[in-house]
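User: I am new to this structure and would like a close look at a single part of it. Please take your time and connect that part to what lies around it.

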Amino acid sequence: MSEVADESVHLTVTSPPYPMVSIWDDFFAEASAKSYDEMHKYLDETWSEVERVLVPGGIACINIGDATRTSNGIFHLYPNHSRIIENFEKLGFVTLPYLLWKKPTNRPHYKGKGAFLGSGFLPPNAYVTLDMEYILIFRKGAPRSFPPKDPRRYDSKFSKKERDEWFSQVWTIPGARQDLDGLERRVAAFPEEIPRRLIRMFSILGDTVLDPFLGSGTTLKVAMDLDRKFVGYERLLQLKEIIKNKIGVNDRQVEFLEARYHIKEVVG
């Protein structure tokens, strides 16, 4: 993210590819990252840049799910959330209490099908369903400081009702339906309500928000709706038109800079 100056971003909100989830194998294969460790080392390059560009006291919110996979006949959990916490700690971030995003599901829960894995009704070889994702929250150093009675901060306040709901650890929010002409399995079902809450919670009017894994542009759209500036990256150039349509680019001040491996969105 060489285009982004040091300590110029106030908040990162992103949902990266999930290591050991099969729909992202091609993404990691492009970087020759085949093992669990290699996949996280590849993501670490982005987290290092997040540390560089965040202001002191800036916040990073990372939506990640754990993965399950059978290898050599053995079913295994890959705890992506704990690995990302470890890696952010190594970068010097302060780990804050995280959120659990529970996605309502209509999948069947019987006869060992759907959400249940393993031997159905017979103990002891069934497996617990993964029906939660994590929204990990990290801060760069000490809390961010503001001038007394900063008007932008006071104009950004949330209500008691919003505070009570948003700062509870479990969020029950349906995932967004994606209809992207074959790309839906490469773009996470990231509903607008998730970045809307996080941007309201951890930034103020006029702040700059970063999403290094832009996808279909959900975080970009929400940041602009909330009067924040934005910068983001996306490697899949075929998503450019989808992003434009989502944000109504003709009505907004957006600059697209195409490079070999990414699109960069800069909003003034």
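Analyst: A good place to begin is the spot just after helix α7, where D227 takes a positive phi of about 60°. The model is a predicted one, and the description that follows should be read with that in mind.

The helix that comes before D227 is α7, which spans residues 218-225 and is mostly covered, with seven of its eight residues buried. Those buried residues are T218, T219, L220, K221, V222, A223 and M224, a list that holds the lysine K221 as well as nonpolar residues such as L220 and V222.

Helix α7 also belongs to a larger arrangement, for together with strands β8 and β9 it makes a right-handed β-α-β unit. Strand β8 covers residues 208-211, and it pairs with β9 in the parallel sense over four bridges. Within this pair of strands, L210 stands opposite V231 of β9. Strand β9 is itself largely enclosed by the rest of the structure, because five of its six residues are buried.

To place this unit in its surroundings, it helps to turn to the nonpolar cores. The largest of them has 33 residues, and those that touch the most other members are W47, V50, I62, I84, F88, L136 and F138. Among the elements that give two or more residues to this core is β9 (229-234), alongside others including α1 (25-29), β2 (54-64) and α3 (80-90). The element that gives the most is α2, with six residues. W47 may serve as an example of the contacts made in this region: leaving aside residues up to four places away in sequence, it touches T14, P16, I62, I84, F88, L91 and F213. There is also a second, separate core of 29 residues, which includes I59, M201, L220 and F230. L220 is one of the buried residues of α7, so the helix is represented in that second core.

Seen across the whole model, the chain has eight helices and eleven strands, and 45% of its 268 residues count as buried. Among the contacts in the chain with a separation of 6 or more, 70% are accounted for by residues 24 or more positions apart. The accessible surface of the chain comes to about 14100 Å², and 51% of that surface belongs to carbon and sulfur atoms.

Conventions. Residues numbered from 1 in each chain as written. Predicted model: local features only at pLDDT ≥ 70, side-chain atom pairs only at ≥ 80, totals over all residues. Heavy atoms only, no water. Buried < 20%, exposed > 50% of the residue type's maximum accessible area, 1.4 Å probe, protein only. Contact = heavy atoms within 4.5 Å. Areas by Shrake-Rupley, 256 points an atom, 1.4 Å probe, with all protein chains shown as cover. Core = buried A, V, L, I, M, F, W, Y, C linked by side-chain atoms within 4.5 Å. Pairing = 2+ DSSP bridges. Right-handed = clockwise from strand over helix to strand, strands pointing away.
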